[in-house]
2 protein chains.
Amino acid sequence: MEESTIKLTRKEQIFLTAERLFKEKGYMASSMRDIAAELDIEAASLYSHIKSKDEILETICFRMADQFLESIAEANDLYFNAEERLKMAIKSHIKILTGDLNASSVFIREWRHLNEPRLSEFKELRNKYENEFRSILQNGEDENVFQTVDKKFAVLTILSALNWITEWYKPEGEMTSDEIAENLSAFILNGLRK
Amino acid sequence: MEESTIKLTRKEQIFLTAERLFKEKGYMASSMRDIAAELDIEAASLYSHIKSKDEILETICFRMADQFLESIAEANDLYFNAEERLKMAIKSHIKILTGDLNASSVFIREWRHLNEPRLSEFKELRNKYENEFRSILQNGEDENVFQTVDKKFAVLTILSALNWITEWYKPEGEMTSDEIAENLSAFILNGLRK
DNA sequence: CCTACCGATCGGTAGG
DNA sequence: CCTACCGATCGGTAGG
């Protein structure tokens, strides 16, 4: 595990531990004392490295949001037709998810516990990301390659299928991350193509 | 709203209020005092009608689980070919979800906070339900109507797309529950057919 | 990074 | 259904 073999700052160790606990038990059910115990220190000592429990959740959620937004910008830069853009966007999304399951789960499930104004900022980033997907579907429709569908509805359906991966994916499992990406993008493209 | 116009037992009012709060803020972030305040009574008074906070969550989760299991049994009873079975199973699933968004959200998101042994019982029911879907996909493959796919993977993908509806569906929105069911079952069937 | 501690809040009970 | 209350636990601070 990274936590024990690679040298990380205490702050990063705190984030990694929190991600794991937040995924397992949820943000509200994980106490600062739980996190501290995992690191063999006292709860009060955490506050030498971080400002608050809120800060941990914020850091996790916004780091993930940034990664997702970067990856779709890259897909749009690299490709110019809708089908390849969507294929890469789906694969990158899955790569990010499976590359850090703990942080991804927190990003997907626990963002509701962000406080304002961070909560609104987060929702805005999410919306921006969904918008990029909607644009790709529109591209495909304009190119006469994709069917005419309700974009909002289609994007939410696609992203839900992708995000659910964090609920069942096991790195030791039968399917590799790439196989999942291949299957899912084929399934989705198949459903969208004319 | 049902809560004010139809006469309900106090116990049912407590469940309805809890479903709404658990959906909005999550189980852990909703206190017994929050629930009581919504009903204009003291927290201690809740305990004349229910045994514990746990009991509320259990009731919500298992009621929903029972509904889903009944609905798929009905689909299997009424139809004998895979395509019709799956179509009805999808539509019934969506009807249950949109028919009670609060309870459905709790069922989907908050079951993790069940305690043993109820947690294991719940997971078993969930697995039973997923198994019924897997059987239908197998039927379709045997009938030479559906493609050969990884059933576990396909069912999780289908259910995730269905369940995500609770995150964005608004009864006042543009799409009716039936339209969503129609679109989604067409999309899924399209992806599965040979 | 620790000891010692704070005020707030939690689920729940006793007794009426 | 309420008053009065319990022990436990929470996020966080002061001061070293």
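In what follows, helices of at least four residues are DSSP runs, numbered from the N terminus. The structure is a predicted model.

**Exercise 1. The surface near DNA strand C**

Determine which helices supply at least two residues each of the surface near DNA strand C, and describe the contacts made there.

*Solution.*

Step 1. Identify the helices. Helix H4 (43-46) of chain A and helix H3 (32-38) of chain B each supply at least two residues of this surface.

Step 2. List the surroundings. DNA strand C is surrounded by 15 residues, the closest being Arg10(A), Ser45(A), Ser48(A), Arg33(B) and Lys53(B). Of the atoms of DNA strand C that come within 4 Å of the protein, sugar and phosphate account for 53%.

Step 3. Examine the phosphate contacts, for which the cut-off is a pair of N or O atoms within 3.5 Å. In the side chain of Arg10(A), an N or O atom is 2.6 Å from a phosphate oxygen of DNA strand C. For Ser45(A), a polar side-chain atom lies 2.4 Å from a phosphate oxygen of this strand.

Step 4. Examine a base contact. Ser48(A) has a side-chain N or O atom 3.3 Å from a base nitrogen of DNA strand C.

Step 5. Classify the residues. The surface near DNA strand C comprises 5 nonpolar, 6 polar and 4 charged residues.

**Exercise 2. The surface near DNA strand D**

Describe the residues that surround DNA strand D, and state which protein atoms of Lys53(A), Glu42(B) and Ser45(B) approach its phosphate oxygens.

*Solution.*

Step 1. List the surroundings. There are 15 residues around DNA strand D, and the closest are Lys53(A), Arg10(B), Glu42(B), Ser45(B) and Ser48(B). Sugar and phosphate make up 53% of the atoms of DNA strand D that come within 4 Å of the protein.

Step 2. Take the backbone contacts. A backbone N or O atom of Lys53(A) is 2.7 Å from a phosphate oxygen of DNA strand D. For Glu42(B), a backbone N or O atom likewise lies 2.7 Å from a phosphate oxygen of this strand.

Step 3. Take the side-chain contact. Ser45(B) places a side-chain N or O atom 2.4 Å from a phosphate oxygen of DNA strand D.

Step 4. Assign the helices and classes. Helix H3 (32-38) of chain A and helix H4 (43-46) of chain B each contribute at least two residues to the surface near DNA strand D. The residues of that surface are 5 nonpolar, 6 polar and 4 charged.

**Exercise 3. The relation and contact of chains A and B**

Establish how chain A is related to chain B, and characterise the interface between them.

*Solution.*

Step 1. Superpose the copies. A turn of 180 degrees, with a shift of 0.0 Å along the axis, lays chain A on chain B with an RMSD of 0.0 Å. The two copies are therefore related as by a two-fold rotation axis. Both copies use the same surface, since 100% of the contact residues of chain A recur in chain B.

Step 2. Describe the extent. Chain A gives 27 residues to the contact and chain B gives 27 residues. About 2,500 Å² is buried between the chains, with 69% of this area coming from carbon and sulfur atoms. Phe153(A), Trp164(A) and Phe187(A) lose the most area to chain B among the residues of chain A, together 28% of what that side buries.

Step 3. Consider the polar interactions. The interface holds 2 salt bridges. One of these joins Arg112(B) to Glu167(A), with the closest N and O atoms 3.1 Å apart. There are also 4 residue pairs in polar contact across the interface.

Step 4. Assign the secondary structure. On the side of chain A that touches chain B, helix H7 (101-109), helix H9 (151-163), helix H10 (165-168) and helix H11 (177-192) each supply at least two residues. H11(A) provides the largest share, 8 residues. This side of chain A divides into 14 nonpolar, 7 polar and 6 charged residues.

**Exercise 4. Backbone geometry**

Locate the cis peptide bond that ends at Pro117(A) and the positive phi of Asp40(A).

*Solution.*

Step 1. Recall the usual case. Most residues other than glycine have a negative phi, and most peptide bonds are trans.

Step 2. Inspect the proline. The bond from Glu116(A) to Pro117(A) is cis, with omega near 5 degrees. Pro117(A) belongs to the loop between H7 and helix H8 (118-142) of chain A. In chain B, the bond from Glu116(B) to Pro117(B) is cis, with omega near 10 degrees.

Step 3. Inspect the aspartate. Asp40(A) has a positive phi, near 60 degrees, and is located in the loop between H3 and H4 of chain A.

Note on methods:
Residues numbered from 1 in each chain as written. Chains lettered and ligands numbered in written order. Predicted model: local features only at pLDDT ≥ 70, side-chain atom pairs only at ≥ 80, totals over all residues. Heavy atoms only, no water. Near = heavy atom within 4 Å. Polar contact = N/O pair within 3.5 Å; in protein donor to acceptor, adjacent residues only side chain to side chain. Nonpolar A, V, L, I, M, F, W, Y, C, P; charged D, E, K, R; others polar. Least-squares fit on C-alpha atoms with pLDDT ≥ 70 in both. Contact = heavy atoms within 4.5 Å. Buried area = accessible area lost by both parts, 1.4 Å probe. Salt bridge = Lys/Arg side-chain N within 4 Å of Asp/Glu carboxyl O.
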